Amino acid sequence: MQQFSDVLTLIDSVIGGSQWFVFLLLGTGLFFTLYLVFPQIRYFKYALKIVRGKFDREGDEGDTSHFQALTTALSGTVGTGNIAGVALALHLGGPAALFWMLMTAVIGMTTKFVEVTLSHKYREKAPDGSIAGGPMYYMKKRLHLKLPSGRTLHFGKWLAAIFAVATVFSSFGTGSLPQINSIANSLFETFTIPHIYTGVILSVLLAFVIVGGIKRIAKVTQTLVPVMALIYFIGALLVIVYNYENIWPSIMAIGHDVFKGTAATGGFLGASVAFAFNRGVNRGLFSNEAGQGSAPIAHAAARAHEPVSEGLVALLEPFIDTIIICSLTGMTLLASGVWQEKHDNLFQTTDLEILAHSYSESDPDQQSQLAGHIKGTAPLPLFSGSMEVVEGQIIESVTLLHARSVAEDVVINRRDQPFSGQLEVRQGKPLANANVQISGKSLVHSAPLTTIAFSRSWLGEWGKYIVAIGLLLFAFSTAISWSYYGGRAMVYLFGLKSVVYYKMVYVIGFFLAAIVDTSLIWIFSGITIALMTIPNLLGMLWLHKEVKTEVKSFWKEYADRFPDEKAPRH
């Protein structure tokens, strides 16, 4: 299994985790931002009007309203990325990572506008009368090339197939398995609810919602999304105001670290500019999915007589998801100061490294060596061999790194009793058959870090319940929306009858992920996200002239219908 994990990690590093993928994503958004002359700014107020029904016309075809399509798409993007993803980005890249998340969102507003416009234009009617749409449809119909011989190369069909297959797998890797796993872990840690109870109850609720199709999903999400956003907003605001003296220093740290990187501070050993950029953009994509092509599947079902109006509605998604909600999480983490503090926790093997020598953070030279190792610029030798442990205490002269920080007050237990004996270690990792639990103080990340931050307000320990409830609502709504995305991809690939079998597998997988480890799925989901995003971005760039034509046509019609309003110039 470890070898399979290593293979997936290597594949992910070549595509989704590589620098060229980041530049393709940002470059596409930046191209359309300039090509369409900053639509995320010029069209913003019109997007707000349209989502309220400003441009609606009697007899518009579709399954949902603009607002329902927006909340359905938001429910798919507002998930663990907003709670755990921001905390992970900050943990890895420091405050500057938050800046790059926001920049990704600003550019992503244009990307989302373009991909939804194209997908809505080429949507189709399924045999049952429902709307089927998404990037695979515009790829199939419009991506082709005339060869000098006179033949036409329909390469869009291959890209569409890759996209649709990746969407099905991504519905599990992004929308289902990690979401319920995060919910089950959070509810167990906060309320000690057994994982299996969480799995059973939420699987039944999920089945009830998704069996009803897009109309029932839309009804649920149009209520769930505003409620969960309000709860989370209040909790985050309480933390930020409670730590008001840290608001301005936190903002300054974000700006300062963008061009200089984050120096060692507290338990944080520092991060380079390049790493903060990579992590911020990576988490930004995971948060709002701009360019991935998932949200256009939901927006394709919206009632509209032409595509650009729905593209304008989609433009609001990265703004709400990342610029508002992720910024709140980021400021909560920065203002509370928890991101650079060490906390008691049970060490995870994936976050653990044992160095061959003893290093001290208080020594500037040794701290610099540790920072170089953490950043990957100057790796230090890892410990391999038998490590002597007496009454839970390590006798060897080694350094334990956990969550990219020097671990303190380390205790090793076996079956809840202090361990004594020889602990076998290979390349800095304890062997799995050692069956020991290692605990101590270190930095923490992801959802646990956000949970600690929410306790730094007038609510005290009660604040952690907001994170648990927020994570429950956010993650569950994501699972709902992704079931629809995967189902529409199944319709494209295998026809309408395949959807019922897909939904059965989706619910069963959802239940199982509540009680088993899904770390492998996270790696796999990174690959499927890239395999969705790359064909979508290439298709958007191929049809850039068509997008501009559609935009001009829309504003002409808008000006004709509302002559008293000043429409944007083109």
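In the predicted model, the side chains of strand S15 (residues 437–442) alternate between two faces. Ile438, Gly440 and Ser442 point to one face and are buried, whereas Gln437, Ser439 and Lys441 point to the other and are not buried. Such alternation between the two faces of the sheet is what a regular strand shows in general.

S15 pairs with strand S5 (residues 343–346) through four bridges, and the two run antiparallel. Within this pairing, Lys441 of S15 is the bridge partner of Asp344. Strand S11 (residues 408–414) is likewise antiparallel to S15 and is joined to S15 by four bridges. Here Ile412 stands opposite Ile438 of S15, a residue whose side chain points to the buried face of the strand.

A separate description applies to the open sheet of three strands, whose order is S6-S9-S10 and whose pairing is antiparallel. Its edge strands, S6 (352–355) and S10 (405–406), each pair on one side only. S6 is linked to strand S9 (residues 399–402) by four bridges in the antiparallel sense, and Ile354 stands opposite Leu400 in S9.

Among the helices, H7 (residues 95–121) comprises 27 residues, for which a rise of 1.5 Å a residue predicts a span of 39 Å; the end C-alpha atoms are 40 Å apart, in agreement with this value. H7 nevertheless contains a kink of about 30°, centred on Gly108. Because 22 of its 27 residues are buried, H7 is largely enclosed by the rest of the structure.

Technical notes:
Residues numbered from 1 in each chain as written. Predicted model: local features only at pLDDT ≥ 70, side-chain atom pairs only at ≥ 80, totals over all residues. Heavy atoms only, no water. Pairing = 2+ DSSP bridges. Buried < 20%, exposed > 50% of the residue type's maximum accessible area, 1.4 Å probe, protein only. Expected span 1.5 Å × (residues − 1). Bend = angle between axes of the 7 residues up to and from the residue.
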